[in-house]
Structure formats: structure tokens, C-alpha cells
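Trainee: I have the model open. Can we take the terms one at a time and check each against its rule?

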Amino acid sequence: NVYRDGIWVGVSSSTGELRVPVAPGEKHAFLFVRSGVAPHQETITGGEGLDQKTVLMPQTLSRLKLESEPSGARVLVDDEDVGMTPLETDVLMGFHRVKVEAAGPEWRAYDKVLEFKALEENYTGGRRIVLQKDLLGQSDALLQKGNVDGAIALLAQAQPGHPDYSAAHHRLAGLYLDEKKDPTRAIAEYQKVLDLPENRDLVNKRFAVTFLNLGRAYVQLGTPEGYQKAIDQLLIARNNKRFFPQRQYDEATHDTLYFLALASHKLYYARGGEGLLQETSTRWKEYFDFFPGSLQNDPEVKQARSGAEHYYEEVKRKLKEVE
């Protein structure tokens, strides 16, 4: 950033160039400011015609000391390979993108923008960069081989603080629910995801679909209490379906409406009540009103709608009896 007599006049290009109008013979105080480098001021007198001045700013170097776990990882600063850990190297003060990549596909790369502003930046000992296992990538490989148990054991290793903690436990819950048919364990894993405030409060909107999946798990418990809890979770999912992943939107919305109506239907049979019967009818109607073209040839959706038609007709007969 360049300032002339205290007024900002622009930013120099990637090659360090900037054109500023200055009348011949006039003196101006120019201030040059760059993050991580001490501001530099210089008085410049305008020349005749197109005059070029070269200004050299002080370039302060920071001594970067870096260790990683595991050791022997490659370090890149602004995409330039600077060596393997442990290492010491000089880096120009300021903001830099630092990547630390361990050998082998099982490790996640460390990739962050760091600011170097001291003569020495020490990332050793207790401040060393600890790389995390790529649990999602490894579980993908296991699932492609049909090793569901291996994927479950791997995903269960994700501890709070791991960058893939939420995604790993969401996937783990899905394996318990759909592969192991164990809704109790699935509920426990989905709950771990929603126990994090940023997920429950829908700050991290990609986990809005977790409310749908938790509702599905409660339905599979097959108890009145489970149906009521399913309704509670599925209502949250329905009210926030705009946050469903775009590629899953139609399918997730269909499942939300289907399981919400199904849970209401099952709860009505368990507890009765005209109010619940009316709610069930409304929810089946909402379900049948949603049938996007993308799902019309889906065999699982066709099967679900076929069964739902019998439920809906049954509810309609019950309503006539009440009238």
C-alpha cells in the first residue's frame, strides 16, 4: 500500500510497480506499507515527463524453525519447497501459506496461512506441527473393499479436535444405521455430531442432514418414545432443508418428509388421538406433494411411495370415521 502525503494512492503490482501523478519539481512524502515489513517513508521530487523512481524497502527476515509429527514431512512456503522436517530456513516477514505434507496417503496435509513477524518463529517441541490421520480417505478405501468393520474401527478413532471429527462420526453413524442395522449405536454417534454447538445451531450447515438421519434412527427403534423423538428431529430437518447439500437436496427432502409422516403414523397407532391423526394426514399430503423429476425413476423412492399410499388411504378412512 502506497500513501502520498498521508493519502492512499494505490497498491503496487506483483512486480512492484505503481503509477502516481506528481507535478514536476513538487516534493511529496511517500509512505510504503507491507504486512510483516517495517513501514518505509521516502521524500520524492517529481521529474519531467514520465519519471521512474525505484524505492527499496527494508526486507526483514524471520528464522523459521519447524518440526513435525511424524518427522520427515515436506514443507512448502507459498508453494515453494523449502525442505523436510526438522528444518531451519529464512522466510521474509509477513503472511505466508505453509503446507506440511507427510509421506503416505494416510496423513492429512497441514495447510494454513501463518504470519511471521518475529526474528525467530519457532514451531518445535510443544509447538511442533502434529499431522492428523486422513480418517475419511482411509475409510473410503476400506469401504470400497467391502471392509465395513475396518471402516467402523477406523472412524471411531476420531477424537474431539480432529479436523474430521464431525464428518467421521456422521459417517460412522450411517454405517451403524444402514449397514449394521443398529439404530441405538447410530443415535449415539449422530448425537456426538450434534453435541457440538456449531453443528446443532446450524452454523456448520452441512450437518443439517444429521437431524434427518437421527430421525431415521429413532424411527427404527420402533417405540412410541422413539417415534416422538424422531418427529422432533425430523421437524428440525424439514424446517432447515434449505441447508441440505445441493447434490443430496431432493433425496434428503424426500426422506425427511417420508419419515416424518411415517413416525407420525406409527405414533398415532401407539397412542391414538384425533389431533395426531390430523397431523399425520397433513404430513402424508405434504409428502405426496413433493415428487421432483429427479426421483421419479428411483426404485427405492417408488417403493416408499407405494407403501405410503396404503398408509395415507388408511388415514383418510380413519378421518371419515371420526367425522
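Mentor: Start with pairing: two strands pair if DSSP finds at least two bridges between them. Strands (E, at least two residues) and helices (H or I, at least four residues) are DSSP runs, numbered from the N terminus. This is a predicted model, where local features need pLDDT of at least 70 and side-chain atom pairs count only at pLDDT 80 or more, while totals for chains, interfaces and linings use all residues. Residues are numbered from 1 along each chain as its sequence is written, and side-chain values use heavy atoms, with hydrogens and water left out.

Trainee: How do you know that E1 and E2 pair?

Mentor: Count the bridges. E1 and E2 have three bridges, in the antiparallel sense. The rule asks for at least two, so E1 and E2 pair. Look at arginine 4: it stands opposite isoleucine 7 in E2.

Trainee: What is the order of the open sheet that holds E1 and E2?

Mentor: The order is E2-E1-E3-E4, four strands with antiparallel pairing.

Trainee: Why do E2 and E4 stand at the edges?

Mentor: E2 and strand E4 (37-45) each have a single partner strand, so one side of each is left without a neighbour in the sheet. Neighbouring strands of this sheet are turned by 30° against each other on average, direction ignored.

Trainee: What lies in the loop between E1 and E2?

Mentor: Aspartate 5 does, between strand E1 (2-4) and strand E2 (7-10). Aspartate 5 has a positive phi of about 55°, and it is not a glycine. Most residues other than glycine have a negative phi, so a positive value deserves a look.

Trainee: How many bridges does E7 make with E8?

Mentor: Strand E7 (residues 74-77) and strand E8 (residues 80-84) pair over four bridges, in the antiparallel sense. Leucine 76 has aspartate 81 in E8 as its bridge partner. The hairpin of E7 and E8 has two residues between the strands, and aspartate 78 there takes a positive phi near 55°.

Trainee: Which strand does E7 also join?

Mentor: Strand E10 (residues 94-101), through four bridges and running antiparallel. Arginine 74 has glutamate 101 as its bridge partner in E10. E10 in turn joins E11 through seven bridges, again antiparallel. There, arginine 97 stands opposite valine 113 in E11.

Trainee: What makes E8 and E11 the edges of this sheet?

Mentor: The sheet is open, with four strands in the order E8-E7-E10-E11. E8 and strand E11 (110-116) each have a single partner strand, so each has one side without a neighbour in the sheet. The twist averages 30° from one strand to the next.

Trainee: Which peptide bonds are cis?

Mentor: Among them is the bond from glutamate 69 to proline 70, with omega near 5°. Proline 70 is in the loop between strand E6 (68-69) and E7. Threonine 85 and proline 86 are also joined by a cis bond, with omega about -5°. Find proline 86 in the loop between E8 and strand E9 (87-92).

Trainee: Why are glutamate 120 and lysine 65 called a salt bridge?

Mentor: The term needs a side-chain nitrogen of Lys or Arg within 4 Å of a carboxyl oxygen of Asp or Glu. Here the closest N and O atoms are 3.1 Å apart. That is within the limit, so glutamate 120 and lysine 65 qualify. Glutamate 120 lies in strand E12 (residues 120-123) and lysine 65 in strand E5 (residues 61-66), so the pair ties together parts that are 55 residues apart in sequence. By this rule the count comes to 17 salt bridges.

Trainee: How do you know that H7 is roughly antiparallel to H8?

Mentor: The axes of helix H7 (residues 224-239) and helix H8 (residues 249-271) come within 9 Å and cross at roughly 150°. Angles over 145 degrees count as roughly antiparallel, so H7 and H8 fit the term. The crossing is left-handed (the near helix is turned anticlockwise from the far one by less than a right angle).

Trainee: Which residues make the contact?

Mentor: Contact means heavy atoms within 4.5 Å. Among the residues that make it are Tyr227, Ile231 and Leu234 of H7 and Phe259, Leu260 and Leu267 of H8. By class, the contact has 13 nonpolar, three polar and four charged residues.

Methods
Axes are lines fitted to C-alpha atoms, for helices over the stretch in contact, and angles run from 0 to 180 degrees between N-to-C directions. Angles under 35 degrees count as roughly parallel, over 145 as roughly antiparallel, 65 to 115 as roughly perpendicular and the rest as oblique. Ala, Val, Leu, Ile, Met, Phe, Trp, Tyr, Cys and Pro count as nonpolar, Asp, Glu, Lys and Arg as charged, and the others, Gly among them, as polar.
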